[in-house]
Amino acid sequence: MDVFDELLRGVRGRGAVFGRSVLCAPWSLRFTDGAYLTLCLPLRGAGWIVPEGGEPLRVEVGEAAVVRGPAPFVFTDDPVDGTGAGRAGGVREVRWDQVRDSGAASGSVPEFDCATVLLAAAYDVQEQLPQRLLRALPPALVVPDEEDCSPLRDYLEAQLGRGRPGDQIVLDRLLDWMLVCTLRDWFDRPEANPPGWYGALGDEVAGPALRAMHDDPAHPWTTAELAGRAGVSRTTLAKRFTELVGDGPVAYLTEWRMTLAADLLTRPELTVAAVARRVGYADAFGFSAAFKRVRGESPSAFRRDALVSGPAEAAAEAAAEAPAEAPAG
(Lines give C-alpha, C1' and ligand atoms only; values in the text may rest on other atoms or scores of the structure.)
Protein backbone atom coordinates (compact mmCIF):
# COMPACT_ATOMS: atom_id res chain seq x y z
CA MET A 1 0.00 0.00 0.00
CA ASP A 2 1.20 3.52 -0.79
CA VAL A 3 2.30 5.26 2.43
CA PHE A 4 0.26 8.39 1.67
CA ASP A 5 -2.84 6.22 1.15
CA GLU A 6 -2.17 4.38 4.38
CA LEU A 7 -1.80 7.54 6.44
CA LEU A 8 -4.97 9.16 5.10
CA ARG A 9 -7.27 6.14 5.12
CA GLY A 10 -8.56 7.23 8.55
CA VAL A 11 -9.63 10.65 7.24
CA ARG A 12 -13.26 9.99 6.44
CA GLY A 13 -16.33 12.18 6.53
CA ARG A 14 -19.19 10.68 8.50
CA GLY A 15 -22.15 13.00 8.25
CA ALA A 16 -19.66 15.83 8.54
CA VAL A 17 -21.11 18.26 6.01
CA PHE A 18 -21.66 21.72 7.47
CA GLY A 19 -23.65 22.67 4.46
CA ARG A 20 -24.17 25.12 1.71
CA SER A 21 -24.10 28.70 2.96
CA VAL A 22 -25.46 31.44 0.69
CA LEU A 23 -23.57 34.60 1.68
CA CYS A 24 -24.68 38.18 0.94
CA ALA A 25 -22.33 41.00 1.92
CA PRO A 26 -21.62 41.95 4.60
CA TRP A 27 -21.10 38.46 6.02
CA SER A 28 -18.87 36.60 8.47
CA LEU A 29 -19.14 32.98 9.56
CA ARG A 30 -17.27 31.86 12.68
CA PHE A 31 -16.65 28.10 12.81
CA THR A 32 -16.53 27.12 16.46
CA ASP A 33 -16.97 23.37 16.86
CA GLY A 34 -13.26 22.52 17.12
CA ALA A 35 -13.01 20.07 14.23
CA TYR A 36 -9.56 18.61 13.58
CA LEU A 37 -9.80 19.73 9.93
CA THR A 38 -12.30 21.83 8.01
CA LEU A 39 -12.51 21.82 4.22
CA CYS A 40 -13.91 25.01 2.63
CA LEU A 41 -14.98 25.03 -1.02
CA PRO A 42 -16.40 28.21 -2.56
CA LEU A 43 -18.98 27.11 -5.12
CA ARG A 44 -19.52 30.72 -6.18
CA GLY A 45 -17.70 33.94 -5.37
CA ALA A 46 -14.82 34.26 -2.90
CA GLY A 47 -13.96 35.07 0.71
CA TRP A 48 -11.20 35.22 3.28
CA ILE A 49 -10.16 32.52 5.76
CA VAL A 50 -9.03 34.18 9.00
CA PRO A 51 -7.46 31.64 11.43
CA GLU A 52 -7.39 32.59 15.09
CA GLY A 53 -4.20 34.60 15.54
CA GLY A 54 -3.19 34.05 11.91
CA GLU A 55 -2.98 35.95 8.65
CA PRO A 56 -6.02 36.12 6.33
CA LEU A 57 -5.98 33.90 3.23
CA ARG A 58 -8.17 34.58 0.21
CA VAL A 59 -9.97 31.59 -1.33
CA GLU A 60 -11.90 31.73 -4.60
CA VAL A 61 -13.87 29.42 -6.86
CA GLY A 62 -11.45 26.86 -8.24
CA GLU A 63 -9.51 26.77 -4.96
CA ALA A 64 -9.89 24.75 -1.78
CA ALA A 65 -8.97 25.79 1.76
CA VAL A 66 -8.13 23.48 4.66
CA VAL A 67 -8.11 24.82 8.23
CA ARG A 68 -6.49 22.82 11.01
CA GLY A 69 -8.31 22.90 14.37
CA PRO A 70 -9.33 22.90 17.05
CA ALA A 71 -9.09 26.71 17.22
CA PRO A 72 -12.05 28.64 15.75
CA PHE A 73 -11.70 30.49 12.47
CA VAL A 74 -13.72 32.98 10.42
CA PHE A 75 -14.79 32.95 6.77
CA THR A 76 -15.62 36.53 5.80
CA ASP A 77 -15.95 39.02 2.96
CA ASP A 78 -13.78 41.56 4.84
CA PRO A 79 -10.47 40.36 6.31
CA VAL A 80 -9.95 43.65 8.15
CA ASP A 81 -13.33 44.14 9.81
CA GLY A 82 -14.92 40.75 9.25
CA THR A 83 -14.08 39.32 12.66
CA GLY A 84 -15.63 42.19 14.62
CA ALA A 85 -19.09 41.72 16.04
CA GLY A 86 -19.88 45.43 15.63
CA ARG A 87 -19.93 45.41 11.82
CA ALA A 88 -23.16 45.39 9.86
CA GLY A 89 -24.57 41.89 9.71
CA GLY A 90 -22.55 40.76 12.74
CA VAL A 91 -20.70 37.44 12.97
CA ARG A 92 -22.74 34.26 12.72
CA GLU A 93 -21.63 31.20 14.66
CA VAL A 94 -21.60 27.95 12.64
CA ARG A 95 -21.60 24.42 14.02
CA TRP A 96 -21.65 21.06 12.24
CA ASP A 97 -24.97 20.03 13.81
CA GLN A 98 -26.86 22.98 12.41
CA VAL A 99 -29.20 22.78 9.44
CA ARG A 100 -27.29 21.63 6.38
CA ASP A 101 -28.52 24.33 4.00
CA SER A 102 -28.06 27.53 5.98
CA GLY A 103 -29.68 29.83 3.42
CA ALA A 104 -28.69 33.46 3.00
CA ALA A 105 -26.52 34.99 5.70
CA SER A 106 -28.11 38.41 5.33
CA GLY A 107 -31.77 37.98 6.10
CA SER A 108 -34.23 37.34 3.29
CA VAL A 109 -32.09 38.57 0.40
CA PRO A 110 -32.83 36.44 -2.70
CA GLU A 111 -30.15 33.85 -3.33
CA PHE A 112 -29.38 35.07 -6.86
CA ASP A 113 -28.41 38.46 -5.36
CA CYS A 114 -25.76 36.84 -3.12
CA ALA A 115 -22.24 36.74 -4.50
CA THR A 116 -20.80 33.81 -2.55
CA VAL A 117 -21.85 30.22 -1.90
CA LEU A 118 -19.69 28.14 0.46
CA LEU A 119 -19.63 24.39 0.98
CA ALA A 120 -17.77 23.29 4.11
CA ALA A 121 -17.14 19.94 5.80
CA ALA A 122 -15.59 19.09 9.17
CA TYR A 123 -13.37 16.12 9.97
CA ASP A 124 -12.75 14.83 13.48
CA VAL A 125 -9.69 12.68 12.87
CA GLN A 126 -9.65 10.02 15.58
CA GLU A 127 -6.84 7.79 14.36
CA GLN A 128 -3.24 8.67 15.08
CA LEU A 129 -1.90 7.34 11.76
CA PRO A 130 -3.15 10.31 9.70
CA GLN A 131 -2.10 12.71 12.43
CA ARG A 132 1.53 11.89 11.61
CA LEU A 133 0.95 13.69 8.32
CA LEU A 134 -1.67 16.25 9.31
CA ARG A 135 0.41 17.69 12.15
CA ALA A 136 2.72 19.09 9.48
CA LEU A 137 -0.04 21.30 8.05
CA PRO A 138 -0.06 25.06 8.70
CA PRO A 139 -3.07 26.54 10.57
CA ALA A 140 -4.70 27.27 7.22
CA LEU A 141 -3.81 26.64 3.58
CA VAL A 142 -5.27 27.38 0.16
CA VAL A 143 -4.59 25.20 -2.87
CA PRO A 144 -5.57 26.12 -6.43
CA ASP A 145 -7.26 23.43 -8.46
CA GLU A 146 -4.57 22.11 -10.79
CA GLU A 147 -7.21 20.25 -12.82
CA ASP A 148 -10.68 21.32 -13.85
CA CYS A 149 -12.91 20.10 -11.04
CA SER A 150 -15.81 22.47 -11.77
CA PRO A 151 -18.10 19.58 -12.83
CA LEU A 152 -17.53 17.90 -9.46
CA ARG A 153 -18.23 21.15 -7.60
CA ASP A 154 -21.46 21.60 -9.58
CA TYR A 155 -22.44 18.03 -8.77
CA LEU A 156 -21.72 18.55 -5.07
CA GLU A 157 -23.97 21.59 -4.98
CA ALA A 158 -26.72 19.77 -6.86
CA GLN A 159 -26.72 16.90 -4.35
CA LEU A 160 -27.42 19.11 -1.34
CA GLY A 161 -31.00 19.08 -0.16
CA ARG A 162 -32.30 16.53 -2.67
CA GLY A 163 -33.42 14.09 0.04
CA ARG A 164 -32.50 10.93 -1.87
CA PRO A 165 -31.49 7.73 -0.03
CA GLY A 166 -27.75 7.66 0.58
CA ASP A 167 -27.27 11.38 -0.01
CA GLN A 168 -25.05 11.81 3.04
CA ILE A 169 -22.74 8.94 2.08
CA VAL A 170 -22.42 10.31 -1.46
CA LEU A 171 -21.55 13.78 -0.13
CA ASP A 172 -19.09 12.41 2.43
CA ARG A 173 -17.20 10.38 -0.16
CA LEU A 174 -17.07 13.24 -2.68
CA LEU A 175 -15.76 15.58 0.00
CA ASP A 176 -13.23 12.95 1.11
CA TRP A 177 -11.97 12.89 -2.45
CA MET A 178 -11.67 16.68 -2.54
CA LEU A 179 -9.86 16.76 0.82
CA VAL A 180 -7.30 14.08 -0.06
CA CYS A 181 -6.59 15.68 -3.45
CA THR A 182 -6.16 19.06 -1.78
CA LEU A 183 -3.71 17.64 0.79
CA ARG A 184 -1.76 15.75 -1.85
CA ASP A 185 -1.45 18.89 -3.98
CA TRP A 186 -0.42 20.93 -0.93
CA PHE A 187 2.47 18.64 0.00
CA ASP A 188 3.73 18.87 -3.58
CA ARG A 189 3.90 22.68 -3.39
CA PRO A 190 7.23 24.42 -2.66
CA GLU A 191 5.84 26.33 0.34
CA ALA A 192 4.78 23.13 2.12
CA ASN A 193 6.94 21.87 4.98
CA PRO A 194 6.31 18.12 5.07
CA PRO A 195 7.85 15.86 7.72
CA GLY A 196 11.24 14.42 6.88
CA TRP A 197 9.98 10.89 6.25
CA TYR A 198 7.55 12.20 3.60
CA GLY A 199 10.36 13.54 1.46
CA ALA A 200 12.48 10.49 2.18
CA LEU A 201 9.92 8.19 0.54
CA GLY A 202 11.24 9.24 -2.87
CA ASP A 203 14.90 8.77 -1.94
CA GLU A 204 16.63 5.81 -3.59
CA VAL A 205 18.33 4.81 -0.32
CA ALA A 206 15.87 5.65 2.46
CA GLY A 207 12.70 5.11 0.41
CA PRO A 208 12.89 1.32 0.04
CA ALA A 209 13.57 0.93 3.78
CA LEU A 210 10.63 3.16 4.71
CA ARG A 211 8.23 1.35 2.42
CA ALA A 212 9.36 -2.03 3.74
CA MET A 213 8.67 -0.99 7.34
CA HIS A 214 5.26 0.39 6.43
CA ASP A 215 4.32 -2.67 4.40
CA ASP A 216 5.17 -5.10 7.21
CA PRO A 217 5.74 -3.35 10.57
CA ALA A 218 5.58 -6.63 12.51
CA HIS A 219 8.56 -8.12 10.67
CA PRO A 220 11.74 -8.28 12.80
CA TRP A 221 13.61 -5.80 10.64
CA THR A 222 17.32 -5.24 11.13
CA THR A 223 19.39 -2.42 9.69
CA ALA A 224 21.24 -4.97 7.57
CA GLU A 225 18.03 -6.37 6.08
CA LEU A 226 16.65 -2.89 5.38
CA ALA A 227 19.95 -1.90 3.77
CA GLY A 228 19.64 -4.93 1.53
CA ARG A 229 16.29 -3.62 0.25
CA ALA A 230 18.08 -0.49 -0.94
CA GLY A 231 21.18 -2.32 -2.16
CA VAL A 232 23.54 -0.35 0.10
CA SER A 233 25.63 -0.99 3.20
CA ARG A 234 24.25 -0.63 6.73
CA THR A 235 26.43 2.43 7.28
CA THR A 236 25.17 4.11 4.12
CA LEU A 237 21.53 3.42 4.99
CA ALA A 238 21.86 4.58 8.59
CA LYS A 239 23.58 7.82 7.55
CA ARG A 240 21.20 8.68 4.73
CA PHE A 241 18.08 7.66 6.67
CA THR A 242 19.05 9.78 9.67
CA GLU A 243 19.87 12.79 7.47
CA LEU A 244 16.44 12.74 5.85
CA VAL A 245 14.15 11.43 8.59
CA GLY A 246 15.84 12.66 11.76
CA ASP A 247 16.07 9.19 13.36
CA GLY A 248 17.81 5.97 12.47
CA PRO A 249 15.85 3.10 10.89
CA VAL A 250 15.39 1.16 14.14
CA ALA A 251 14.22 4.21 16.09
CA TYR A 252 11.80 5.11 13.30
CA LEU A 253 10.42 1.57 13.21
CA THR A 254 9.80 1.64 16.96
CA GLU A 255 7.95 4.97 16.76
CA TRP A 256 5.91 3.75 13.78
CA ARG A 257 4.94 0.59 15.62
CA MET A 258 3.81 2.60 18.65
CA THR A 259 1.64 4.81 16.43
CA LEU A 260 -0.05 1.71 15.03
CA ALA A 261 -0.38 0.27 18.53
CA ALA A 262 -2.05 3.42 19.88
CA ASP A 263 -4.84 3.02 17.33
CA LEU A 264 -5.16 -0.71 18.01
CA LEU A 265 -5.42 -0.08 21.75
CA THR A 266 -8.68 1.84 21.22
CA ARG A 267 -10.25 -1.47 20.14
CA PRO A 268 -11.43 -3.13 23.36
CA GLU A 269 -11.69 -6.58 21.76
CA LEU A 270 -7.89 -6.72 21.40
CA THR A 271 -5.79 -7.60 24.44
CA VAL A 272 -2.49 -5.83 25.05
CA ALA A 273 -0.75 -9.08 24.12
CA ALA A 274 -2.66 -9.24 20.83
CA VAL A 275 -1.71 -5.64 20.03
CA ALA A 276 1.90 -6.45 20.86
CA ARG A 277 1.96 -9.34 18.39
CA ARG A 278 0.40 -7.22 15.63
CA VAL A 279 3.21 -4.67 15.86
CA GLY A 280 6.08 -7.14 16.07
CA TYR A 281 6.58 -7.93 19.76
CA ALA A 282 6.65 -11.51 20.97
CA ASP A 283 5.42 -10.66 24.46
CA ALA A 284 3.43 -7.93 26.16
CA PHE A 285 6.25 -7.01 28.55
CA GLY A 286 8.70 -5.88 25.89
CA PHE A 287 5.92 -4.09 24.05
CA SER A 288 4.73 -2.29 27.19
CA ALA A 289 8.24 -1.08 27.95
CA ALA A 290 8.67 0.27 24.42
CA PHE A 291 5.23 1.90 24.43
CA LYS A 292 5.87 3.67 27.72
CA ARG A 293 9.29 4.83 26.56
CA VAL A 294 7.87 6.34 23.36
CA ARG A 295 4.42 7.47 24.53
CA GLY A 296 5.12 8.31 28.17
CA GLU A 297 2.45 5.98 29.59
CA SER A 298 1.70 2.28 29.65
CA PRO A 299 -0.58 0.66 27.07
CA SER A 300 -3.14 -0.04 29.79
CA ALA A 301 -3.16 3.62 30.88
CA PHE A 302 -3.51 4.79 27.29
CA ARG A 303 -6.42 2.40 26.72
CA ARG A 304 -8.11 3.48 29.95
CA ASP A 305 -7.87 7.15 28.95
CA ALA A 306 -9.23 6.36 25.50
CA LEU A 307 -12.23 4.50 26.92
CA VAL A 308 -12.98 7.32 29.35
CA SER A 309 -12.49 10.33 27.08
CA GLY A 310 -13.07 8.71 23.69
CA PRO A 311 -10.52 7.88 20.98
CA ALA A 312 -10.59 11.34 19.44
CA GLU A 313 -9.69 13.08 22.71
CA ALA A 314 -7.07 10.47 23.59
CA ALA A 315 -5.49 10.79 20.14
CA ALA A 316 -5.48 14.58 20.39
CA GLU A 317 -3.79 14.48 23.80
CA ALA A 318 -1.19 12.02 22.54
CA ALA A 319 -0.56 14.14 19.43
CA ALA A 320 -0.04 17.24 21.58
CA GLU A 321 2.50 15.41 23.71
CA ALA A 322 4.32 13.74 20.80
CA PRO A 323 7.56 15.25 19.51
CA ALA A 324 7.31 17.36 16.37
CA GLU A 325 8.04 15.67 13.07
CA ALA A 326 11.36 16.61 11.50
CA PRO A 327 10.89 18.72 8.35
CA ALA A 328 12.20 17.54 5.04
CA GLY A 329 15.68 18.56 4.06
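The legends below describe several close-up views of a predicted model.

**View 1. The protein as a whole, a predicted model with 13 helices and 11 strands.** Of the 329 residues in the protein, 47% are buried. Among the contacts between residues at least 6 apart in sequence, 75% join residues that are at least 24 apart. The structure holds zero disulfides, and the cysteines that appear in these legends are Cys-40, which is buried with a relative accessible area of 0%, and Cys-181, which at 15% relative accessibility also counts as buried.

**View 2. The open sheet of five strands.** Following the sheet across, the strands come in the order S5-S4-S7-S2-S8, and their pairing is mixed. The edges are formed by strand S5, residues 57–60, and strand S8, residues 92–94, each of which pairs on one side only. From one strand to the next, the twist averages 30 degrees. As general background, the strands of a sheet pair through backbone hydrogen bonds, and they may do so in either a parallel or an antiparallel sense.

**View 3. Strand S4 and its two partners, S5 and S7.** Strand S4, which spans residues 46–51, pairs with S5 in the antiparallel sense over four bridges. Two of the residue pairs can be followed here: Ala-46 has Glu-60 as its bridge partner in S5, and Ile-49 has Leu-57 as its bridge partner in S5. The hairpin of S4 and S5 has five residues between the strands, and within this hairpin Gly-53 takes a positive phi near 75 degrees. Strand S4 is also joined by four bridges to strand S7, residues 73–76, and these two strands run antiparallel; one of the pairs places Pro-51 opposite its bridge partner Phe-73 in S7. Strand S4 is mostly covered, for five of its six residues are buried.

**View 4. Ser-28 in strand S2 and its polar contact with Thr-76.** Ser-28 belongs to strand S2, which covers residues 28–31. Is Ser-28 buried or exposed? With a relative accessible area of 2%, Ser-28 lies under the 20% cut-off and is therefore counted as buried. The side chain of Ser-28 makes a polar contact of 2.8 Å with the side chain of Thr-76, a residue at the end of the range given for strand S7, residues 73–76.

**View 5. Strand S6 with its partners S3 and S11.** Strand S6, residues 63–68, is mostly covered, and five of its six residues are buried. Four bridges join strand S6 to strand S3, residues 37–44, and the two run antiparallel; in this pairing, Leu-39 has Val-66 in S6 as its bridge partner. Strand S6 is joined as well by five bridges to strand S11, residues 140–144, again in an antiparallel arrangement, and here the bridge partner of Ala-64 in S11 is Val-143.

**View 6. The largest nonpolar core and the surroundings of Leu-39.** The largest nonpolar core has 74 residues, and those with the most contacts inside it are Leu-39, Tyr-123, Leu-134, Trp-197, Phe-241 and Phe-287. When residues up to four places away in sequence are left out of the count, the residues that Leu-39 touches include Ala-64, Val-66, Leu-119, Tyr-123, Leu-175, Met-178 and Thr-182. Val-66 is thus named twice in these views, since it is touched by Leu-39 and is also the bridge partner of Leu-39 in S6. A second, separate core has 16 residues, among them Cys-40, Phe-75, Leu-118 and Ala-140. In soluble globular proteins generally, nonpolar side chains tend to be buried together.

**View 7. Lys-239 in helix H8.** Lys-239 is part of helix H8, which runs over residues 234–245. At 55% relative accessibility, Lys-239 is over the 50% cut-off and therefore counts as exposed. The side chains of Lys-239 and Glu-243 are joined by a polar contact of 2.6 Å. Lys-239 and Pro-249 are 10 residues apart along the chain, and their C-alpha atoms are separated by 9.7 Å.

Notes
Residues are numbered from 1 along each chain as its sequence is written. This is a predicted model: local features need pLDDT of at least 70, side-chain atom pairs count only at pLDDT 80 or more; totals for chains, interfaces and linings use all residues. Side-chain values use heavy atoms; hydrogens and water are left out. Buried means under 20% relative accessible area, exposed over 50%, partly exposed in between (1.4 Å probe, protein chains only). A polar contact is a pair of N or O atoms within 3.5 Å; within protein, one must be able to donate a hydrogen and the other to accept it, and residues adjacent in sequence count only if both atoms are side-chain atoms. Two strands pair if DSSP finds at least two bridges between them. Axes are lines fitted to C-alpha atoms, for helices over the stretch in contact, and angles run from 0 to 180 degrees between N-to-C directions. A nonpolar core is a set of buried Ala, Val, Leu, Ile, Met, Phe, Trp, Tyr and Cys residues joined through side-chain atoms within 4.5 Å. Contact means heavy atoms within 4.5 Å. A disulfide is a pair of cysteine sulfur atoms within 2.5 Å.
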